[in-house]
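Grab a pencil and work through these exercises with the model open beside you. Each task comes with a solution in steps, so try it yourself before reading on.

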Amino acid sequence: MNGWRGASPTARLLLVAVLLTGLTTFMFLPLLAIELTAQGIPAGRTGFLVGLLAFSSQAFSLLSGLLVDRLGPRRVMAAGFLLRIAGYVLLGLGGAGRPAPLVAGIVAVGVGGSMLGLSTKTLLVSQEGSDPRTMLALRSTFVNIGVVVGPALGALVYPLGFRYILAACVLSHLVLGIGLVSGRTAAAVPGRTAAKPTGPGAAPDAAPGTAPDAAPDAAGGGPGDVTRRTLLRHWAPLAALGVAYWAIYSQLNVLLPIAANELTGSTAAISVVFTANGLLVVLFQYTLLSRVLRRATARTLLALGFLAFACAYAVLIPLAGWYSLLAFVLPVTLAEMLIGPSLDEQAVNATALRRTGLALGTMSAAGALGSLLGSSLGGQLLQASRGGSRAWVLLVGCSLAAAAICLLLPKVRTRHA
């Protein structure tokens, strides 16, 4: 990868941290429900605890972004590593007869993950000499390596005992925390010289005497009502797209597993989809975003991504068994590759330099809301459709509506290094 070769030593260390934390996280996460059930915890309480982990991470994202901007990403990163290490230790001490450390451990792992994710992402998109799109594409690639390889490693280690997996999580986070926090990762977010908002809707440089993180108004003066209206015009559709993306994407975990089984008669069908999806992202996302579509604006990539979502769910309408399911994989993966990093890029490039953490935290919070809405409505949608195609038709319509909303975004271009 040219992006890897051109990345700074700090960026490379951050990407290695993303890879290793992703590997250990996905060693641990798929087996958590199995382990809790094996400890004698009822299924209802197990579902609550697994949901609490996701909620703790997502609900804290906005506050994590504010902390990154206020305290600096390195301090927040250090706190995230400490919380995650403490959380894994508490999980090892908890159990059916000791619910307090179990709940505390799950919350600590979730909140710590939110702080780690936003602090490392903020540092990556702020690296001088690299544009945000390249760093976000590399980060997504490394995350997906963890998604693909982590569960397999977890399955190999689990027969030895769940605590061995927890020990691997503690050890990796301890080593990475010491290396990153005591190393030369920036304590404050440096200026993004490689990527700066340009074009309609982008804010001009701050006027003399104005705080560097204050957004100037449309006339080039200090902060004012015009600026707030401009920000609202940008962030309202962007936040709506964040909610829409995760509401649509969450159906891969809600509607699709049930539909895949009904279409093929095989419980392994959904595993084929996820494995193919992960491999395609790892192999092609970086090349697609940083080379093939390098000059496209984030707005264009978002529109293309939602159109790909519409195509993906459209091929399920005929209910053609394995043919529909396999045809679904490519467009849904394309949508994932285009939309996820582009939402963050659009947010970063349209935000004052010292508000990067808040921008990324806002997008994470929008994703949390979208996941909640998608998961809640997906089951009801499946019941209402009764195995027919109405659910897929509705998802196609939602995807097309989101693609139309993309046209409301300003054209914010990335200046490539």
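**Exercise 1. Is Arg133 buried or exposed, and at what relative accessibility?**

Before we start, a word on the model: it is predicted, so local features need pLDDT of at least 70, side-chain atom pairs count only at pLDDT 80 or more, and totals for chains, interfaces and linings use all residues. Residues are numbered from 1 along each chain as its sequence is written, and side-chain values use heavy atoms, with hydrogens and water left out.

Step 1. Get the cut-offs: buried means under 20% relative accessible area, exposed means over 50%, and partly exposed is in between (1.4 Å probe, protein chains only).

Step 2. Arg133 has 3% relative accessibility, so it counts as buried.

**Exercise 2. Find the salt bridges and say which helices they link.**

Step 1. Know what to look for: a salt bridge is a side-chain nitrogen of Lys or Arg within 4 Å of a carboxyl oxygen of Asp or Glu. Searching the whole structure turns up 2 of them.

Step 2. Take Lys121 and Asp344, whose side chains meet at 2.9 Å, N to O. This pair links distant parts of the chain, since Lys121 is in helix H6 (residues 99-125) and Asp344 is in helix H13 (residues 322-349), 223 residues apart. Helices here are DSSP runs (H or I, at least four residues; strands are E, at least two), numbered from the N terminus.

Step 3. Now try Glu345 and Arg133: their closest N and O atoms are 2.8 Å apart. Again distant parts of the chain are linked, with Glu345 in helix H13, Arg133 in helix H7, and their positions 212 residues apart in sequence.

Step 4. Check the burial of the other partners. Lys121 is buried at 9% relative accessibility, Asp344 is buried at 10%, and Glu345 is buried at 1%.

**Exercise 3. Describe the largest nonpolar core.**

Step 1. A nonpolar core is a set of buried Ala, Val, Leu, Ile, Met, Phe, Trp, Tyr and Cys residues joined through side-chain atoms within 4.5 Å. The largest has 43 residues, and Phe306, Phe309 and Tyr313 have the most contacts inside it.

Step 2. Ask which helices feed this core: at least two residues each come from H9 (225-249), H10 (255-264), H11 (269-292), H12 (298-314), H13, H14 (356-385) and H15 (390-405).

Step 3. Zoom in on Phe306. Contact means heavy atoms within 4.5 Å. Leaving aside neighbours within four places in sequence, Phe306 has contacts that include Leu241, Tyr245, Ile339 and Cys406.

Step 4. Don't stop there: a second, separate core of 26 residues includes Ala17, Leu19, Met77 and Met135. For background, nonpolar side chains tend to be buried together in soluble globular proteins.

**Exercise 4. Where do the buried residues of H10 sit around its axis?**

Step 1. List the buried ones: Leu255, Leu256, Ala259, Ala260, Leu263 and Thr264.

Step 2. They span an arc of only 120 degrees around the axis (the arc of the directions from the helix axis to the C-beta atoms), so they lie on the same side of H10.

Step 3. Look just past the end of H10, where Gly265 takes a positive phi of about 75 degrees.

**Exercise 5. Which residue that is not a glycine has a positive phi of about 55 degrees?**

Step 1. Remember the background: most residues other than glycine have a negative phi.

Step 2. The residue is Leu319. Its place is in the loop between H12 and H13.

Step 3. Leu319 counts as partly exposed, with 36% relative accessibility.

**Exercise 6. What does Ser114 touch?**

Step 1. Place Ser114 in helix H6. Its relative accessible area is 6%, so Ser114 is buried.

Step 2. Not counting residues up to four places away in sequence, Ser114 touches Ser57, Phe60, Ser61 and Ser64.

**Exercise 7. Put the whole protein into a few numbers.**

Step 1. Count the elements: 15 helices and 0 strands.

Step 2. Of the 417 residues, 49% are buried.

Step 3. Among contacts between residues at least 6 apart in sequence, 82% join residues at least 24 apart.
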